[in-house]
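Student: Could we go through this structure together? I would like to begin with the charged side chains and then turn to the strands and the aromatic rings.

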Amino acid sequence: MILFRIFALSASIQISITADPISRPRIVESGYPWSDYVPVGNIRYVDWSEFGDGGAGEGRGVPQSVFKSRIPMIIRGSPVGEWGVSGWHPKKIQTEISTLQNVYIGHDNLFLYFHDDKDDFNQGILSEFSSRGWAPNYYLRNLSTADFFHQCRAFSQGMPPPDNPLYYYYSGDLGIWAESPDSPGITGDFPWEESLEIFGVPEEFRALNKGEKTQEVISWLGCDNVTASPHYDSVHNFFLQVYGAKRFTIFPPEAHLGLHMHPKSHPSWTQAQVVDLNNVNVQKYPLFPTTPSGFDFTLQPGEVLYLPPFWFHRVQSIGMSISLALWTDSKLVDDIDEVFSSPLPFESSWTRTQFLSTSFKSNPIIAHVLTLTNPGYSSIRSLHISAYTSIHRPGPYPFITLALF
């Protein structure tokens with residue numbers, strides 16, 4: 001018997017996302033709103049004063065009970081209102097920042113993210129994705145900040161041709177702006193050390209690579225109605241709404257089956273196949289009615305959303321929007337890496353069927369054992385199951401399971 005390390009089959013798609021997206025597929029669904037099938041819950045609102053000093057000996061930051069609960073909440077009255085970033089608006093950013101790198105542009109307001117960082121081991125294996133109709137529905141381009149906000153204002157005023165609108169959004173590490181020679185001061189509006197004190201994640205909830213109290217700060221700029229399709233992130237996310245508003249629709253990690261996740265081998269593997277929650281086709285996605293209760297709410301300026309790791313979220317800009325996201329990798333990331341890379345027993349004489357059967361059965365057992373020791377690990381089991389899901393594709397054979405060929 002030999003040990004064979006199983007990897008979800010994946011690869012970078014050999015396509016460019018810098019060309020004009022006119023030929024790119026649009027996300028078109030036909031169905032009914034998600035709330036026709038799934039109950040809508042009420043998200044919890046918390047005033048910062050309810051946290052007190054964070055608990056005995058915890059300082060004045062978010063208390064550990066918030067991270068232990070694994071439940072999202074909206075925080076009002078936090079120290080964010082005293083930070084310089086709370087006064088950001090399009091004109092200020094346009095004055096301080098000359099160019100935005102890699103702006104997302106598409107003919108569809110609903111963006112389905114493609115990961116373009118697959119490793120060399122997988123190069124070329126799934127290049128046929130492109131020939132089968134899978135491609136980003138957006139392209140990337142550097143824009144002056146003035147042009148970006150001009151396009152946002154023009155679109156909101158109905159100036160683009162109604163049959164061919166363009167939608168724009170930007171996201172990037174806030175530190176990039178600090179490195180720009182023509183913007184020495186704007187990142188000074190964000191108090192880096194205080195943000196760690198206020199929104200720092202305790203060590204027991206952080207990944208090993210986040211052993212120190214560090215976090216990424218991501219800036220988001222969006223035009224009206226730009227929407228990120230349902231997806232999950234593996235981070236503790238404190239989402240600060242600075243300017244404008246955003247509508248969130250979120251579901252717990254257990255929603256992975258109902259949302260019909262893309263398999264691990266697909267470049268949209270953290271994204272749901274149910275991309276348009278306003279038009280859910282239950283014939284195409286029959287498990288959607290099994291989705292647990294979701295939350296639907298609008299985040300206003302000055303409010304902070306705590307979104308636990310692996311919660312699915314759809315995010316829509318209401319008017320022009322400026323936001324900051326404080327990300328810290330979850331401890332579950334380390335455990336997920338272990339599950340997905342665990343060695344499995346493999347006999348060289350086995351048939352393909354025997355090999356696949358073992359790979360599908362063994363790793364879920366490992367994941368299930370983890371859920372018995374810690375209820376929070378149910379996310380690992382969920383993600384492993386969805387890693388081998390079927391995917392709807394264009395063409396005469398609409399469903400394919402991407403695993404080991």
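Tutor: The discussion below concerns a predicted model, and it takes the topics in that order.

Student: How many salt bridges are there?

Tutor: The count comes to four salt bridges. One of them joins R76 to E303, with the closest N and O atoms 2.7 Å apart. R76 lies in strand β4 (residues 73-76) and E303 in the loop between β12 and β13, so this pair ties together parts that are 227 residues apart in sequence.

Student: Is E303 buried or exposed?

Tutor: E303 is buried, with a relative accessible area of 8%. Its partner R76 is partly exposed, at 39% relative accessibility.

Student: And what does K92 pair with?

Tutor: K92 meets E96 in a salt bridge of 3.8 Å, N to O, and D189 also forms a salt bridge with K92, at 3.7 Å between the closest N and O atoms. D189 lies in the loop between α5 (174-179) and α6 (192-199) and K92 in helix α2, so that pair ties together parts 97 residues apart in sequence. Through shared partners, K92, E96 and D189 are joined into one network.

Student: How far apart are K92 and E96 along helix α2?

Tutor: K92 and E96 are four residues apart in helix α2 (residues 90-96), a separation of about one helical turn. K92 is partly exposed at 23% relative accessibility, and E96 is partly exposed at 22%.

Student: What about R314, which has no salt bridge: which side chain of opposite charge is nearest?

Tutor: The nearest one is that of D276, 5.4 Å away, and R314 is buried. A salt bridge requires the nitrogen and oxygen to be within 4 Å. R314 is in strand β14, and its contacts beyond four places in sequence include T227, A228, P230, R247 and F248.

Student: Changing topic, which strands does β10 pair with?

Tutor: β10 runs parallel to strand β6 (residues 110-111), to which two bridges join it, and it pairs with β14 in the antiparallel sense over three bridges. T227 in β10 is the bridge partner of L110, and T227 also stands opposite Q316 in β14. Four of the five residues of β10 are buried.

Student: And β12?

Tutor: Strand β12 (residues 294-299) pairs with strand β2 (residues 40-41) in the parallel sense over two bridges, and V40 has G294 as its bridge partner in β12. With β11, β12 pairs in the antiparallel sense over five bridges; there F248 is matched with F297 in β12.

Student: Now the rings: how many aromatic pairs are there?

Tutor: There are 27 aromatic pairs. Among them is Y232 with F312, an edge-to-face pair at 5.8 Å centre to centre and 85° between the planes. Y232 lies in the loop between β10 (227-231) and β11 (235-251) and F312 in strand β14 (residues 312-329), so the pair ties together parts that are 80 residues apart in sequence. Both Y232 and F312 are buried.

Student: Which residues have the most contacts inside the largest nonpolar core?

Tutor: They are W88, F148, W177, F199 and F238, in a core of 52 residues. F199 and F238 also belong to a cluster linked by ring pairs, which includes W48, F51 and W83. Leaving aside residues up to four places away in sequence, F148 touches residues including L100, V103, Y168 and C223.

Definitions and conventions. Residues are numbered from 1 along each chain as its sequence is written. This is a predicted model: local features need pLDDT of at least 70, side-chain atom pairs count only at pLDDT 80 or more; totals for chains, interfaces and linings use all residues. Side-chain values use heavy atoms; hydrogens and water are left out. Rings of Phe, Tyr and Trp (its six-membered ring) pair if their centres lie within 6.5 Å; planes under 30 degrees apart count as stacked, over 60 as edge-to-face and the rest as tilted. Buried means under 20% relative accessible area, exposed over 50%, partly exposed in between (1.4 Å probe, protein chains only). Lys and Arg count as positive and Asp and Glu as negative; His and the chain ends are not counted. Contact means heavy atoms within 4.5 Å. Two strands pair if DSSP finds at least two bridges between them. A nonpolar core is a set of buried Ala, Val, Leu, Ile, Met, Phe, Trp, Tyr and Cys residues joined through side-chain atoms within 4.5 Å.
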